[in-house]
Amino acid sequence: MELTRRDFLVGAGAAATGGCTALQSSHDPNLMVFLSDIHQHDNTVRWKNGPTQANEVLPRLVKEILSLRPLPANAVVFGDFSASCGWVEDFRLAAAALKPLSDAGIALTLGMGNHDNRSSFLKVFPEYKSRLLVPDRIVSKVATPNADLIMLDTLKSREGEDWAEPTSKGSYVDGTIDVAQREWLRGTLAAAKRPTFVGAHHHAREVGIVKDIVTSPTAYGYIFGHEHVWDESVFLTDGYGNSQTVQAATLPSGGFWGDIGYALFRTFEDRAELTVRQTDFYFNRRWQGKPRPKNWDERVRAHDGRTVTFWYDKPGNFYRG
Ligand SMILES: [Fe+2]
């Protein structure tokens, strides 16, 4: 019987933790699943003709994740829970769609995107209040036996509206990291003794943290969402002459538009691997029922199962000392 890429993903998960031990264990502590841009929309409340394709796709992705053996110990969402302005109803839909993961014993770690609203988020996920590592920011950490993942909060609210109820204006599309969060990140990376990965909704360049990551001796990767594309060709560098580039990757969307799917992140003693599971590609629901462009299927075939490796191997800065 021919192995499909799906078989490969499940089998690789079992192999990653080593033979019989893995089969006896229901959750792999070194395996995480990454979702991003899940963009839920409750069109019974407002924007009645709004996009709901992600509402249908996300539960299917969750169901597939739950078929993995072993299960990932952690699931991380890289922001954009809402399709529009961070309405609390959108967060409720997201919480319902993600609940089967936590019901299965998978710990959820959640980050903010530009379509989100911190006030709505904490109404639906109040348990998160005790997890915040930076005051007033949805910043948290996931520890695996081999490495840590820091999830930053790059949501840029309108002036004075950090904790305001959402409005139809929404937040800014671009991201930001304020002084307090930047100082916390610098201190955390400076003190880190273990391989560390940094995650956020926006690109590190956009929020001005490339140098902090590149020059950290233990930061080995940057993973982000927002683009709705799988792209493992991204790397961080703070300029010609600095040899300490850091591998980066963007995640597919959990159902809204673009590359559709999730990614599996496995940490090892000497590296981590991020493997994309891409189930589809589309732009928006206006395409439904129309001829499907051929390059969409080609894109799915080209991406599904691709892996990028983050080696724990950081050369010193040969040029600047
Ligand atoms: Fe998005």
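Helix H8, spanning residues 294-303, lies largely in the open, because the number of buried residues among its 10 is zero. Just after H8 comes Gly305, with a positive phi of about 90°. All of this is read from a predicted model, and the same goes for what follows.

Stepping back to the whole chain, 45% of the 321 residues count as buried. The secondary structure adds up to eight helices and 12 strands. Among contacts with a separation of 6 or more, 72% link residues 24 or more positions apart.

The strands can be taken sheet by sheet. One open sheet is built from six strands in the order S3-S2-S1-S10-S11-S12, with mixed pairing. Its edges are S3 (107-110) and S12 (307-311), each of which pairs on one side only. From one strand to the next, the twist averages 25°. Within this sheet, S1 (residues 27-35) and S2 (residues 71-77) run parallel and are joined by six bridges; Met32, for instance, has Asn74 in S2 as its bridge partner. Helix H3 packs on the sheet, where it touches S1, S10 (258-267) and S11 (271-282), and its direction makes about 30° with that of S10.

The other sheet to look at is also open and mixed, with six strands in the order S4-S5-S6-S7-S9-S8. Here the edge positions go to S4 (140-143) and S8 (235-236), each pairing on one side only. Strands S7 (residues 219-224) and S9 (residues 246-250) pair in the parallel sense over three bridges, and Tyr222 has Ala248 in S9 as its bridge partner.

Tyr222 turns up again in the nonpolar interior. The largest nonpolar core has 74 residues, and those with the most contacts inside it are Phe34, Val76, Ile213, Tyr222 and Ile223. Leaving aside residues up to four places away in sequence, Phe34 touches Val76, Phe78, Ile223, Leu251, Tyr262, Ala263 and Phe265. Two of the partners of Phe34, Val76 and Ile223, are themselves on the list of residues with the most contacts inside the core.

Back to H3, which has a helix partner too. The axes of H3 (residues 53-66) and H4 (residues 88-103) come within 8 Å and cross at roughly 15°. With angles under 35 degrees counted as roughly parallel, H3 and H4 are therefore roughly parallel to each other. H3 passes H4 in a right-handed crossing. On the H3 side the contact is made by Asn55, Leu58, Pro59, Val62, Ile65 and Leu66, and on the H4 side by Leu93, Ala97, Leu98, Pro100 and Leu101.

A few backbone oddities sit in the loops. The peptide bond from Arg69 to Pro70 is cis, with omega near -5°, and Pro70 has its place in the loop between H3 and S2. Trp47, in the loop between S1 and H3, is not a glycine, yet has a positive phi of about 50°. It has 15 C-beta neighbours inside 10 Å, so Trp47 counts as partly exposed. His226 likewise has a positive phi, near 75°, in a residue other than glycine, and is placed in the loop between S7 and S8. Its surroundings hold 25 C-beta neighbours inside 10 Å, so His226 counts as buried.

Terms used. Residues are numbered from 1 along each chain as its sequence is written. This is a predicted model: local features need pLDDT of at least 70, side-chain atom pairs count only at pLDDT 80 or more; totals for chains, interfaces and linings use all residues. Two strands pair if DSSP finds at least two bridges between them. Helices (H or I, at least four residues) and strands (E, at least two) are DSSP runs, numbered from the N terminus. A nonpolar core is a set of buried Ala, Val, Leu, Ile, Met, Phe, Trp, Tyr and Cys residues joined through C-beta atoms within 7 Å. A residue is buried if 20 or more other C-beta atoms lie within 10 Å of its own, exposed if 12 or fewer, and partly exposed in between; C-beta atoms are placed from the backbone. Two residues are in contact if their C-beta atoms, placed from the backbone, lie within 7 Å. Axes are lines fitted to C-alpha atoms, for helices over the stretch in contact, and angles run from 0 to 180 degrees between N-to-C directions. Angles under 35 degrees count as roughly parallel, over 145 as roughly antiparallel, 65 to 115 as roughly perpendicular and the rest as oblique. A crossing is left-handed if the near helix is turned anticlockwise from the far one by less than a right angle, and right-handed if clockwise.
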